[in-house]
Amino acid sequence: MENPDGLETFNQEIRNRIAGRRSPRKIWVTSLSFCLRKAALSTYLETSKYERTGEMLLGTLLHRWVQENVEFEGIKFEVPLEYEIADGWVLVGKADAILGDKILEFKLKGFNPENGPGSLNGMEEPSKTWKEQLNAYLNMAGLQEGYIYVFDRDGLDFRYFRVEKDEEAFSKMLGRARVVMTGVGELEQGKFPAWIKPRYTNECDSCIFRAICGAIDRPWERPT
Ligand code: SF4
């Protein structure tokens, strides 16, 4: 017999409460651009607040600087966005700013010719992860267009790049969220989601879960 609409979500809500889990269960947009095993461990262990890197802190300072120094009528900063996925899980994020019907994201970048473009002017497009994240916000907010502002870390000059809403890319991101949900479900049952591999080869280097993965399968030693 098929469950009536919403019953499975209600059941999951009861299970969450019994297990003492917060509800709704949140997955951050930014976590989906990187290792999904890390996203699952971080969600399961509730460690995201301890994972802020120096780079992230610099990004926060940039947002604050723009917010406090650039006055512009009608602009809203740090706008929370949510998208219900399923079974009590919600995709969450914060757009840096919304101006009218455009989302603006502010990014700080250092330039090094040995690792990408050597200068702001030499940059042809923003990184895949930045575009993915802005696209998720566009889909969550129901807006069509946004801009990624890239600030040069050594001088605060900037350029901006247009990004259009792409529903197909967003549905791939939701697929990544479902991988995290499955991974968290397995962790809750005492299984380790070793089938989830890192997205980029070097991301294990500075990951806070390296010791845990090192005891299981050392994924950085094999091709991903
Ligand atoms: S150590 Fe590597 S595989 Fe393990 S969670 Fe971190 S990034 Fe993912």
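**Exercises on helix H2, the ligand shell and a hairpin**

The buried residues of H2 pack against strand E1 (25-28), helix H5 (167-188) and H6. The model examined here is predicted.

**Exercise 1.** Determine how far helix H2 is enclosed by the rest of the structure.

*Solution.* A residue counts as buried if 20 or more other C-beta atoms lie within 10 Å of its own. The residues of H2 that meet this criterion are Leu36, Arg37, Lys38, Ala39, Ala40, Leu41, Ser42 and Thr43. Because 8 of the 10 residues of H2 are buried, the helix is largely enclosed by the rest of the structure. Just after H2, Glu46 adopts a positive phi of about 55°.

**Exercise 2.** Identify the residues around the ligand and the elements that supply them.

*Solution.* Begin with the list: the ligand is surrounded by Cys35, Arg37, Lys38, Leu41, Pro198, Glu203, Cys204, Cys207, Phe209, Arg210, Cys213 and Pro219. Next, assign these to elements: helix H2 (36-45) and helix H6 (210-216) are those that give two or more residues to the shell. Of the two, H2 provides the largest share, 3 residues. Finally, sort the shell by residue class: 8 are nonpolar, none is polar and 4 are charged.

**Exercise 3.** Describe the pairing of strands E2 and E3 and the turn between them.

*Solution.* First, establish the direction: strand E2 (residues 75-86) and strand E3 (residues 89-99) run antiparallel and are joined by 10 bridges. Next, take one bridge as an example: Pro80 has Lys94 in E3 as its partner. Lastly, inspect the turn: the hairpin has 2 residues between the strands, and Asp87 takes a positive phi near 50° there.

Terms used: Residues numbered from 1 in each chain as written. Predicted model: local features only at pLDDT ≥ 70, side-chain atom pairs only at ≥ 80, totals over all residues. Near = placed C-beta within 6 Å. Helix = DSSP H or I, 4+ residues; strand = E, 2+ residues; numbered from the N terminus. Nonpolar A, V, L, I, M, F, W, Y, C, P; charged D, E, K, R; others polar. Buried ≥ 20, exposed ≤ 12 C-beta atoms within 10 Å, placed from the backbone. Contact = placed C-beta atoms within 7 Å. Pairing = 2+ DSSP bridges.
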